[in-house]
Amino acid sequence: MIVVDNVEKAFESRVVLDGVSVRFDRGKVSALVGPSGGGKSTLLRCINGLERFDAGRIEVDGLVLGPSKTDRPSRADRATLRAIRLKAGMVFQHYGLFSHMSALENVMEAPIHVRGVAPAVARERAKLLLAQVGLPHRRNAFPRELSGGEQQRVAIARALAMDPEALLLDEPTSALDPERKAEVVGVLRDLAKQGATMIIVTHEAAVVREIADHAICLRDGKVVAAGSPSEVL
Amino acid sequence: MTRCRVLFLALVVAVVGLLGLVACGRTTPVSGLARIRAAGVIKWGGDIQGGEPYVYGDPKSPDRLIGFEVEIADAIARELGVRAEFVQNDWANLVPSLERGSFDIVMNGLEVTEARVGRVRFTRPYCVFTERLMARAGNASIAPDLLALRGKKVGTLANSLAFEMLRGTATPVVYDGVEEPYLDLVNGRTDAVLLDDIIATRYGAPRPELQVVGDLREGYYAIAVRPSDPDLAAAIDDAIGAIAARGELRRILERSHLWNDRQDRLIGWTAADQTRMLGAPRSPPPIERGHVMLFLRGAGVTLLVSTLAMALAIPLGLLLSLARLHGGPVLARLAGAYVEIYRGTPVLLQLYLLYYGLAPVLKLGALPAAVIGLGMNYAAYEAEVYRAGIQAVPKAQIESALALGMSTRLALRRVVLPQALRHAIPNVTNDFIALLKDSSLVSVITVVELTKQMTITAVDVRSWIGPGLLCAGLYFAMSYPLGRIARRLEKKLEGEREAEAAT
Ligand SMILES: Nc1ncnc2c1ncn2[C@@H]1O[C@H](COP(=O)(O)OP(=O)(O)OP(=O)(O)O)[C@@H](O)[C@H]1O
Ligand SMILES: [Mg+2]
């Protein structure tokens, strides 16, 4: 369970999150919607600790993150941040695959070097995950050799390889053309069916309706609507 | 294959052009004396770096040159009815510059040596010196005997008479300046120093740690004239004769404390004395296998120094760039200062300070000092290359790594550095090529590498063309393949970047 409690965040003098409170329940898929600049990405990045906030608190499965004035986290914060990131995997709009590694290596990297999984074990698991996202044949391709949709599916497999409690996805489909979009949405639908906890930032009503259990609308840094997808849309 | 041929042709054209220029410089339509009289000025070449007592800036007004050679030049010019004008020129290149026509004569402690006799026309001498051997005080193992110096490290000036004497018996250590040989002798880097008594008296004898062992042989300073200007040489001979006969030469030498019994013979100098001084004419030795082997050894030293220096510069540069970007405020400031200082001062100066300046506390050998000096200098440049490489890695790559639970350090090691270094490889290769050439600077701290070997051999065989081409060929053979590799890597990386941008 992820709880966001009265979080405030400003870039210089510009308020981006203005007292946001939301709950994301385990086993549920939540959609974050709203106009551009509403603060969706910032909220996701705050949950994952890529961005610090000025006031309020965020709790991820009992791990509590408080406000911070500096970008350099304290030693204690650093441990909390890493623990949170292990619980909440992140998928970015522009994939962010490691460009010097093949698809398979991208997926194996963190389990081996963060979790300490044996390379042989990590490799087998990575193969399974790539098969699960429909890319068993593209293992050895480098990111530059993959289409956008393929890269995004590798990115999802890479996040899943760390067995996170929740997946945070920031516009996972918006950089893709319709055909590739359908591939990625298919993967997300499968994950939802398996009971994964997900927070998806998206502009697409179809994604919200098809996959989400719950929707939250952010506008100018405030939650302006929350409820079932049909209510919020 | 065709590319090689084009390159070869380009090289040939360049060399032919060069030869043409040399030839042009040599053809002087009017005789030397007439030319000088018409111009009203005789230009004489020298190097004020040789210092006291030859030609040097007056400490009271540094613009004014003084020294016994200035006085002799003025006296000769008066005899010829013209004005003397000094032309500053690097000492090691005085003879080639004379041949090119940069000035009319050379007068700057130029010893009459066999190698030089074959290249220039010497006038009668204006000073007699002896080769003085000095060692550390109390070192009884050094005797005033050339053969007894076998296996000893003896400091001297490159291409000097002493150097020619030492070659084949002792292990000569060659310097460009007159102060450094004695410094190194005091510091224990050499066993003895063999140089003209004029130099020894001024730069060696004042040091209480040193003592004079003895004099090995006499020699002469004479004025060098181009062989194509025999009338000028004859006129200068007459001028020196006149100056000596009326006691002016003696007064000049006395003012610089150079007069002694040996100088007496300058006054009654005869044609027979001149013949004896010049020795039997001998044609220059051709470039032979021995020379080529020496060149290959020089190239080996160049490659060794460059490779080891780069092996030091790469990890040190990496540490500096990491300290600068991720080391916190104090380390970042220190690393920044290191980079600015090393890039903002000449590497020659850094080598000097490391080798001579630090000698009282840290006695580095010449080769280690060369490697450390160049390595520390290049580390500053590598640091900037890596810094640019690290900063060029998209932020999204680091965020992805952090989001997967990596620490900043792990993200740097596994994600950022591998990408940054890959992108840095072409630059690093280019820096290595530059280092190959910069390594010629280490000759100032007595390392005989390829370029130094070339200048030594050029004097031996009395020509710069053969040794110069051989030297250039060896540098080219070392750097060209590296350049090809760098370009190929660059192209490959460019292709990858384009592919990444396209998706
Ligand atoms: N690093 C930053 N520095 C300054 N301002 C920022 C930064 N990141 C985001 N902002 C600003 O914060 C506001 C919210 O941005 P955010 O990316 O969270 O919006 P969003 O809801 O995700 O919008 P979109 O739908 O366009 O992705 C925007 O006005 C943006 O300009
Ligand atoms: Mg956004």
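This passage describes the two chains of a predicted model, the open and closed spaces in the model, and two buried parts of chain B.

The overall build of each chain is considered before the spaces. Chain A contains 8 helices and 10 strands. Along the principal axes, the C-alpha atoms of chain A fill a box of roughly 45 × 45 × 30 Å. The radius of gyration of chain A is 17 Å, and a compact globule of 233 residues would have a value near 17 Å, so the chain agrees with the expectation for a compact globule. Of the 233 residues in this chain, 52% count as buried. Contacts in chain A were also sorted by separation along the sequence: among those with a separation of 6 or more, 64% involve residues 24 or more positions apart. The surface that chain A exposes comes to about 10,100 Å², and carbon and sulfur atoms supply 48% of that area.

Chain B is made up of 503 residues, and buried residues make up 49% of them. Its secondary structure consists of 19 helices and 10 strands. The box filled by the C-alpha atoms of chain B, taken along the principal axes, is roughly 95 × 60 × 45 Å. When contacts in chain B between residues at least 6 apart in sequence are considered, 74% of them join residues at least 24 apart. The accessible surface of chain B is about 23,200 Å², with 61% belonging to carbon and sulfur atoms.

The open spaces were examined next. Rolling a probe the size of a water molecule over the atoms shows where empty space is left. The largest pocket holds about 1,400 Å³ of space. Its lining consists of 36 residues, and those closest to the centre of the pocket are D71(A) and P73(A) from chain A together with H326(B), L402(B) and T408(B) from chain B. Several elements give two or more residues to this lining: in chain A they are β1 (2–11) and α2 (75–87), while in chain B they are α12 (289–326), α15 (366–392), α16 (395–403) and α17 (408–438). Sorted by class, the lining of the largest pocket has 16 nonpolar, 7 polar and 13 charged residues.

The second largest pocket contains about 880 Å³ of space. Among the 37 residues that line this pocket, Q49(B), D90(B), W91(B), D176(B) and G177(B) lie nearest its centre. At least two lining residues come from each of β9 (192–196), α8 (197–204), α14 (347–357) and α18 (450–461) of chain B. The element that gives the most is α18(B), with 3 residues. The lining of the second largest pocket divides into 15 nonpolar, 13 polar and 9 charged residues.

Closed spaces were counted separately, and 5 cavities of 30 Å³ or more were found. The volume of the largest cavity is about 150 Å³. It is lined by 13 residues, and A92(B), V95(B), P96(B), R116(B) and V459(B) are the ones nearest its centre. Both α4 (94–100) and α5 (114–117) of chain B supply at least two residues of the lining. Of the elements that contribute, α4(B) gives the most, with 3 residues. The lining of the largest cavity comprises 10 nonpolar, 1 polar and 2 charged residues.

Two parts of chain B illustrate burial in more detail. Helix α8(B), which contributes at least two residues to the lining of the second largest pocket, is mostly covered, with 7 of its 8 residues buried. The buried residues of this helix are D197(B), I198(B), I199(B), A200(B), R202(B), Y203(B) and G204(B). The elements that cover these residues include the strands β6 (121–136), β7 (153–157), β9 and β10 (210–225) of chain B, as well as the helix α7 (180–186) of that chain.

The second example is a single residue in a loop. Q263(B) is located between α10 (248–255) and α11 (271–278) of chain B. The relative accessibility of Q263(B) is 1%, and this residue therefore counts as buried, since buried means under 20% relative accessible area. When residues up to four places away in sequence are not counted, Q263(B) touches C127(B), V128(B), L253(B) and L258(B).

Terms used. Residues are numbered from 1 along each chain as its sequence is written. Chains are lettered from A and ligands numbered from 1 in the order in which they are written. This is a predicted model: local features need pLDDT of at least 70, side-chain atom pairs count only at pLDDT 80 or more; totals for chains, interfaces and linings use all residues. Side-chain values use heavy atoms; hydrogens and water are left out. On a 1 Å grid over the protein atoms alone, a cavity is a set of points where a 1.4 Å probe fits but cannot get out, and a pocket is an open set with protein on both sides within 12 Å along at least five of seven lines; lining residues have an atom within 4 Å of a point. Grid points are joined across faces, edges and corners, and a volume is the space filled by probe spheres set on the points. Helices (H or I, at least four residues) and strands (E, at least two) are DSSP runs, numbered from the N terminus. Ala, Val, Leu, Ile, Met, Phe, Trp, Tyr, Cys and Pro count as nonpolar, Asp, Glu, Lys and Arg as charged, and the others, Gly among them, as polar. The radius of gyration is taken over C-alpha atoms; the globule rule is 2.2 Å times the number of residues to the power 0.38. Buried means under 20% relative accessible area, exposed over 50%, partly exposed in between (1.4 Å probe, protein chains only). Contact means heavy atoms within 4.5 Å. Accessible areas come from the Shrake-Rupley method with a 1.4 Å probe; for residues, only the protein chains shown count as cover.
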